[in-house]
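Here is a short briefing on how two chains meet and where their nonpolar residues gather. Have a look at the model first.

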Amino acid sequence: MSNTRAYRSKIGRLPWALRNEINHMIRDGRTGTEVLAAINSSKEWRAVKRTTKQEDVSPQNLTDWRSTGYADWLTEQDKTEHIRQLASLSQQIVEQSGGDPAAVGSRILAGNLLTCLETADPADTVELAKALTALRSAETNSKKADIAGDLAALKEREHNLNLKKFQRQTCELFLTWAKNKAATKIVGDKSANNDAKTEALGRLMFGDLWDSDPEADASKSR
Amino acid sequence: MTLREIILAFLAARYPAAFTAEAITARVNASGLLDKPTSTGEVYSELKILCRKFEYIDAEADTLTGNTAWSATTEGVREWHISGQLHVG
């Protein structure tokens, strides 16, 4: 790895932390004079100077460093950033596609997408972005369909509960009214048909709340 | 730098994404890190060793294509970190 490569120049032989600081200063656009002042006044360089009796680090030394150690450092920074982006993108794809990193399909999908993104030229990337947008839209529609399905299931469940409640209440009513003399008289009336018996029982049991069957009323009036 | 190290670096940097042996071979060759291009067979042999002997990677079947896809394990990612995070572009 280039960040551990041995450099033989004055700056290259400085401790890693100071070299890193120097590289950051150069990257941040600090002038050569500022960088040289920082190096030559550092305790690390002063220690080297005392031991080796060398001249201070010169502008030429700094220029040489820019084309060697600093260039390597920049490349390393790019690689590190690339790795960070890859890791982040892989995680995002896996999470977006199902949220479960253990899911086989999402890991393979992440691999396929990364391959496309890393090997595509810019034009292909635009096409891929369009495809992904379409995929996202399809996913949204699929989720909407899922929600509609859930609602329908909920309504069916509610309907079934109401039906069971109705059945139970009917049985309870039957038990109550079976003991009622007026009701048993209506049920036992052989001269009336079932429609007439239903009407009579309805009026007995529910009074004014009983809503007569319009068709039965119409047939009666005819 | 060996083919095994390069494969692990490629997968670990892209954890938890999974790739087929063919895709890994293409990307390793494109990286230019080897003296001469490798073959899918050589890559496959290394994948099996990394999976069975070291448990640095996992194999899983792609239900759509029937191919085997390979991805790094957390142990593999840790090993890659320890060994200096080689970059396979």
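The points below cover the numbering, chain B, the interface and the cores.

This is a predicted model, in which local features need pLDDT of at least 70, side-chain atom pairs count only at pLDDT 80 or more, and totals for chains, interfaces and linings use all residues. Residues are numbered from 1 along each chain as its sequence is written, while chains are lettered from A and ligands numbered from 1 in the order in which they are written.

**Chain B**
- Chain B has four helices and three strands (DSSP runs, with helices being H or I of at least four residues and strands E of at least two, numbered from the N terminus).
- Their order from the N terminus is α-β-α-α-β-β-α.
- Of the 89 residues in chain B, 39% are buried, meaning that 20 or more other C-beta atoms, placed from the backbone, lie within 10 Å of the residue's own.

**Interface**
- On chain A, 16 residues are in contact with 16 residues of chain B (C-beta atoms, placed from the backbone, within 7 Å).
- Helix H5 (69–96) and helix H6 (104–119) of chain A each supply at least two residues of the side that touches chain B.

**Nonpolar cores**
- The largest nonpolar core (buried Ala, Val, Leu, Ile, Met, Phe, Trp, Tyr and Cys residues joined through C-beta atoms within 7 Å) has 34 residues.
- H1(B) gives the largest share of this core, eight residues.
- Another core, apart from this one, has nine residues, including Leu14(A) and Trp65(A).

Definitions and conventions
Contact = placed C-beta atoms within 7 Å. Buried ≥ 20, exposed ≤ 12 C-beta atoms within 10 Å, placed from the backbone.
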